[in-house]
Amino acid sequence: MTEQRATGDLTDTVARAVLGTAGVAFLRPGLAQLLRTSGPLARVRAGGAGRPSHSSGVRVTRLGGTGRWHVEVHLVLHRGHRAVDVTRAVRAAVTEALRGEAGSPPRVSVTVTGLV
């Protein structure tokens with residue numbers, strides 16, 4: 001099976017839904033995003049139309065043949081919030097945000113990488 005990445009608009013929709021969930025401090029950037037924002041490379045990319053930084057902790061893919069979206073979210077929580085409650089709320093928010101975009105409910109994986 002082949003994997004298809006989602007469009008930037010779909011990824012941004014998921015990122016907005018996640019960031020609007022109580023208890024989410026921010027999305028955890030991946031290594032590629034950290035490298036993009038450092039040093040000379042950031043200055044080169046600053047003039048171009050790049051990906052918004054707020055969606056860096058979101059990956060939306062679809063396996064060929066299944067037609068079902070798989071959403072991976074890496075986030076950091078605010079202290080005082082239970083991870084289980086926030087992850088459930090994030091799954092519900094992402095499912096609701098993608099209701100009109102996908103034929104079947106997406107598979108949502110949420111990873112909590114830290115607390116602030």
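Let me begin with a definition: two rings of Phe, Tyr or Trp, taking the six-membered ring of Trp, count as a pair if their centres lie within 6.5 Å. With that in hand, and bearing in mind that what you see above is a predicted model, I can report that a search of the whole structure finds zero aromatic pairs. There is, however, another kind of arrangement that involves a ring, for the charged end of R62 sits over the ring of W69, at 4.0 Å from the centre of that ring.

Let me now turn to the overall layout. The protein has four helices and five strands, and if you follow the chain from the N terminus, the elements come in the order β-α-β-α-α-β-β-α-β. Of the contacts whose separation is 6 or more, 78% are between residues 24 or more positions apart. Of the 116 residues in the protein, 29% are buried, while the accessible surface comes to about 7000 Å², with carbon and sulfur atoms accounting for 53% of that surface.

I would like to finish with one element, helix α1, which covers residues 8-19 and so has twelve residues by the run that defines a helix. From its first C-alpha to its last, α1 reaches 16 Å, which is close to the 16 Å expected at 1.5 Å a residue. Which residues of α1 are buried? They are L10, T11, D12, V14, A15, A17 and V18. And what covers these buried residues of α1? The cover includes the strands β2 (24-27), β3 (58-63) and β4 (69-77), together with the helix α4 (83-97).

Key:
Residues are numbered from 1 along each chain as its sequence is written. This is a predicted model: local features need pLDDT of at least 70, side-chain atom pairs count only at pLDDT 80 or more; totals for chains, interfaces and linings use all residues. Side-chain values use heavy atoms; hydrogens and water are left out. Helices (H or I, at least four residues) and strands (E, at least two) are DSSP runs, numbered from the N terminus. Buried means under 20% relative accessible area, exposed over 50%, partly exposed in between (1.4 Å probe, protein chains only). Contact means heavy atoms within 4.5 Å. Accessible areas come from the Shrake-Rupley method with a 1.4 Å probe; for residues, only the protein chains shown count as cover. Rings of Phe, Tyr and Trp (its six-membered ring) pair if their centres lie within 6.5 Å; planes under 30 degrees apart count as stacked, over 60 as edge-to-face and the rest as tilted. A charge sits over a ring if NZ of Lys or CZ of Arg is within 6 Å of the ring centre and within 35 degrees of the ring normal. The expected span of a helix is 1.5 Å times one less than its number of residues.
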